[in-house]
Amino acid sequence: MAATMDNSNAVQATKKKHLGIPEAVFVEDVDSFMKQPGNETADSALRRLDEQYQKYKYMELNLSQKKLRLKNQIPQITQTLEILRHMQKKKANVMLEYDIDEAQALLEKNLSTASRNLETLEEDLDYLRDQGTTTEVNMARVYNWDVKRRSKENLLKSAAKS
């Protein structure tokens with residue numbers, strides 16, 4: 001029972017961690033999947049899966065752009081922090097919007113937040129790529145299922161004509 005509780009907590013943590021990114025469920029049994037509403041034909045099922053895949057690609061593009069912005073922002077914050085520390089060492093008397101200690105605290109907080117956000121973004125991107133791969137595999141499984149189905153139909157038609 002404890003293992004089940006730990007496992008469900010891990011699943012809950014993962015779902016919270018990747019909030020907003022829908023999970024792609026692996027299609028284990030294509031026959032059952034094709035009997036679900038909305039999957040009347042292989043084309044309609046493939047269309048829905050492709051739509052889901054395109055959404056994942058769009059989300060991946062947006063997250064990649066955010067990641068790029070953060071990767072550029074972190075060195076800028078670090079450089080500003082280094083300049084501020086240099087000013088503190090030289091006891092520079094420069095007019096600033098914040099006093100030096102407040103500025104340092106703010107920059108350190110911003111650097112920490114940006115680093116944490118970058119780490120979360122990288123995890124979300126990995127998760128998103130996994131969902132895209134799962135969707136691609138599902139599409140291939142449905143397509144192959146349909147090819148086999150049509151092949152059987154053609155064989156039956158050929159046998160009926162003979």
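## Helix pairing and salt bridges in a four-helix chain

The accessible surface of the protein chain amounts to about 12,000 Å², and carbon and sulfur atoms account for 54% of it. The model is a predicted one. Of the 162 residues in the protein chain, 27% are buried. The secondary structure consists of four helices and zero strands, and the elements follow one another from the N terminus as α-α-α-α. Among contacts between residues at least 6 apart in sequence, 78% join residues at least 24 apart.

### Helices H3 and H4

Helix H3 covers residues 42-89, a run of 48 residues. From its first C-alpha to its last, H3 reaches 69 Å, close to the 70 Å expected at 1.5 Å a residue. Lys91 follows H3 and has a positive phi, near 50°.

Helix H4 covers residues 100-161. The UniProt annotation "coiled-coil region", taken from an unreviewed entry, covers residues 104-131; such an annotation may be inferred rather than shown by experiment. In the model, residues 104-131 are 100% helix and 0% strand. The C-alpha atoms at the two ends of that stretch are 40 Å apart.

### Salt bridges between H3 and H4

The structure holds eight salt bridges. As a general matter, side chains of opposite charge can pair when their charged atoms come close. The table sets out three of the pairs, with the closest distance between N and O atoms.

| Basic residue | Acidic residue | N to O distance |
|---|---|---|
| Arg129 | Glu60 | 3.1 Å |
| Lys67 | Glu122 | 3.8 Å |
| Arg85 | Glu108 | 3.0 Å |

What separation do the closest N and O atoms of Arg129 and Glu60 show? They are 3.1 Å apart, and the two residues form a salt bridge. Because Arg129 lies in helix H4 and Glu60 in helix H3, this pair ties together parts that are 69 residues apart in sequence. Arg129 is partly exposed, its relative accessible area being 37%. Glu60, by contrast, has 16% relative accessibility and counts as buried, because the limit for a buried residue is under 20%.

A salt bridge also joins Lys67 and Glu122, with 3.8 Å between the closest N and O atoms. That pair links distant parts of the chain, with Lys67 in helix H3, Glu122 in helix H4, and their positions 55 residues apart in sequence. Lys67 is partly exposed at a relative accessible area of 21%, and Glu122 is partly exposed at 31%.

Arg85 and Glu108 meet through their side chains in a salt bridge of 3.0 Å, N to O. Here too the pair links distant parts of the chain: Arg85 belongs to helix H3 and Glu108 to helix H4, 23 residues apart. Arg85 counts as partly exposed at 34% relative accessibility, and Glu108 counts as partly exposed at 33%. Beyond single pairs, salt bridges with shared partners join Lys57, Glu60, Asp126 and Arg129 into one network.

### Buried positions along H4

Three residues of H4 merit individual description. Gln131 is located in this helix and counts as buried at 6% relative accessibility. Which backbone atom lies 2.6 Å from a polar atom of the Gln131 side chain? It is the backbone nitrogen of Ala24. With neighbours within four places in sequence left aside, the contacts of Gln131 are Pro22, Glu23, Ala24 and Tyr56.

Gly132 is likewise found in helix H4 and is buried, with a relative accessible area of 8%. Its C-alpha atom is separated by 8.4 Å from that of Gln52, a residue 80 positions away along the chain. Beyond its neighbours within four places in sequence, Gly132 is in contact with Tyr53 and Tyr56. Tyr56 is thus a contact of Gln131 and of Gly132.

Asn138 also lies in helix H4. Is Asn138 buried or exposed? Asn138 is buried, its relative accessible area being 3%. Setting aside neighbours within four places in sequence, Asn138 is in contact with Val25, Phe26, Val27 and Leu49.

Definitions and conventions:
Residues are numbered from 1 along each chain as its sequence is written. Side-chain values use heavy atoms; hydrogens and water are left out. The expected span of a helix is 1.5 Å times one less than its number of residues. Buried means under 20% relative accessible area, exposed over 50%, partly exposed in between (1.4 Å probe, protein chains only). A polar contact is a pair of N or O atoms within 3.5 Å; within protein, one must be able to donate a hydrogen and the other to accept it, and residues adjacent in sequence count only if both atoms are side-chain atoms. Contact means heavy atoms within 4.5 Å. A salt bridge is a side-chain nitrogen of Lys or Arg within 4 Å of a carboxyl oxygen of Asp or Glu. Accessible areas come from the Shrake-Rupley method with a 1.4 Å probe; for residues, only the protein chains shown count as cover.
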